[in-house]
Amino acid sequence: MPRLTVSSATDPYGSSAAYWDRLHIGPNSATLVSFFADLAPVGGHALEIGPGTGRMTLAVARRMAGLHCLEPSSAMRAVLLTKLAGEPGMRDRVTVIDGTAPDFRFDRRFDYIYLAAVFEDVPPEARRPLFAGLAEHLAPGGVLAMDMVHDEAVPDHPEREVRSARQGECHYILSSAVWPLGPDLAGVRRVYRTYYHDTLVATETVECEYHLHRPADVLADLRAAGLTAVGGSAVTDEVTPLDDKGTLIARHEN
């Protein structure tokens, strides 16, 4: 059987979208989904930045009158739209748009905006423009929620297996290596290997940067955008099941 090797550069999620739900969903996933879904106001309108394959999208959408999803990866959008095709009740409520933050403009404000597991893709210098753009689209009293705000050390480890899954006679394995590039920046290499029986038939490699966001810096940038932190493990000493996720909740008071 021929062996295929692919390296993804233009769309960092192009190679991984097909494997994402099998190889990137950790043991705390259900708790994290509940965190974002429980904040969604029933019957309101929400904006999701970077929905990916829709892990949070479907749970939030079930509570909302309308949900807009802004996703720049065509591969991720394809998976999300395929899932939504199996949810006819959401056909008139969920809108999926090709775009990036903060380069977006909607002629409306939202009751709820959230960024789930995407903050690692945001450089520190882009935080203030991002929060300013989100604040412009957040209704007075509206809620902004995110994760990945914490004081963890920059990770550093050689390539190791993260997770594996089987589908029929194929076995998929995700391995990753992480190395420091700066005090708040790491390089990440993800390798997806596909085995048919015991034969390696495909290897797909993705390299990207992982940005770390410290609570004090994020809180300062939120305040500059007119947003006030009101909860989450990043701003409280209370122990929660999601402490390692660095959750943060802010409110638009104006």
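**Burial, fold and a few odd backbone spots**

With a relative accessibility of 18%, C208 counts as buried, since the label covers anything under 20% relative accessible area, with exposed meaning over 50% and partly exposed in between (1.4 Å probe, protein chains only). The other cysteine looked at here, C69, is buried too, at 1%. As for disulfides (a pair of cysteine sulfur atoms within 2.5 Å), the count is zero.

A word on what is being read: this is a predicted model, in which local features need pLDDT of at least 70 and side-chain atom pairs count only at pLDDT 80 or more, while totals for chains, interfaces and linings use all residues. Residues are numbered from 1 along each chain as its sequence is written, and side-chain values use heavy atoms, with hydrogens and water left out.

Now for the overall picture. The protein has six helices and twelve strands; both are DSSP runs numbered from the N terminus, helices being H or I with at least four residues and strands E with at least two. Its C-alpha trace spans about 60 × 45 × 35 Å along the principal axes. The radius of gyration, taken over C-alpha atoms, is set against a globule rule of 2.2 Å times the number of residues to the power 0.38. For 254 residues a compact globule would come out near 18 Å, and the protein's 19 Å agrees with that. Buried residues make up 50% of the 254. Contacts (heavy atoms within 4.5 Å) reach far along the chain: of those with a separation of 6 or more, 65% join residues 24 or more positions apart.

On the outside, about 12000 Å² is exposed, and carbon and sulfur atoms supply 51% of it; these areas come from the Shrake-Rupley method with a 1.4 Å probe, and for residues only the protein chains shown count as cover. There are 24 positive and 34 negative side chains, and the centres of the two sets lie 4 Å apart. Here Lys and Arg are the positive ones and Asp and Glu the negative ones, with His and the chain ends not counted. Each charge is placed at NZ of Lys, CZ of Arg, CG of Asp or CD of Glu.

Helix 5 (residues 127-136) gives a view of the inside. Its buried residues are R127, L130, F131, G133, L134 and A135. Residues three or four places apart in an α-helix point the same way, because there are 3.6 residues a turn. The cover over the buried residues of helix 5 includes strand 2 (45-49), strand 5 (110-115), strand 6 (138-146), helix 6 (215-224), strand 11 (227-231) and strand 12 (248-252).

Y192, in strand 9 (residues 185-196), is buried, with just 1% relative accessible area. Setting aside neighbours within four places in sequence, its contacts include S16, Y19, W20, L23 and H24, along with I173, L174, A202, T203, E204 and V206. One of these partners, Y19, sits 173 residues away along the chain, yet the two C-alpha atoms are separated by 8.4 Å. D244, in the loop between strand 11 and strand 12, is partly exposed at 49%. Beyond four places in sequence, D244 is in contact with N28 and H150.

H150 turns up again around R214, a residue in the loop between strand 10 and helix 6. R214 is buried, at 14%, and, sequence neighbours within four places aside, is in contact with V149, H150, D151, E152, V154, P183 and D184. Q167 belongs to strand 7 and is partly exposed at 41%. Leaving out residues up to four places away, Q167 touches R22 and Y172. Its C-alpha lies 9.9 Å from that of Y196, which is 29 residues away in sequence.

Finally, the backbone has a few surprises. Most residues other than glycine have a negative phi, and most peptide bonds are trans. The bond joining A101 and P102, however, is cis, with omega at about 10°; P102 is in the loop between strand 4 (94-97) and strand 5. M148, not a glycine, has a positive phi of about 65°. M148 sits in the loop between strand 6 and strand 7 (157-167) and is buried, at 14%. H197, also not a glycine, has a positive phi of about 60°. H197 lies in the loop between strand 9 and strand 10 (199-211) and is partly exposed, at 46%.
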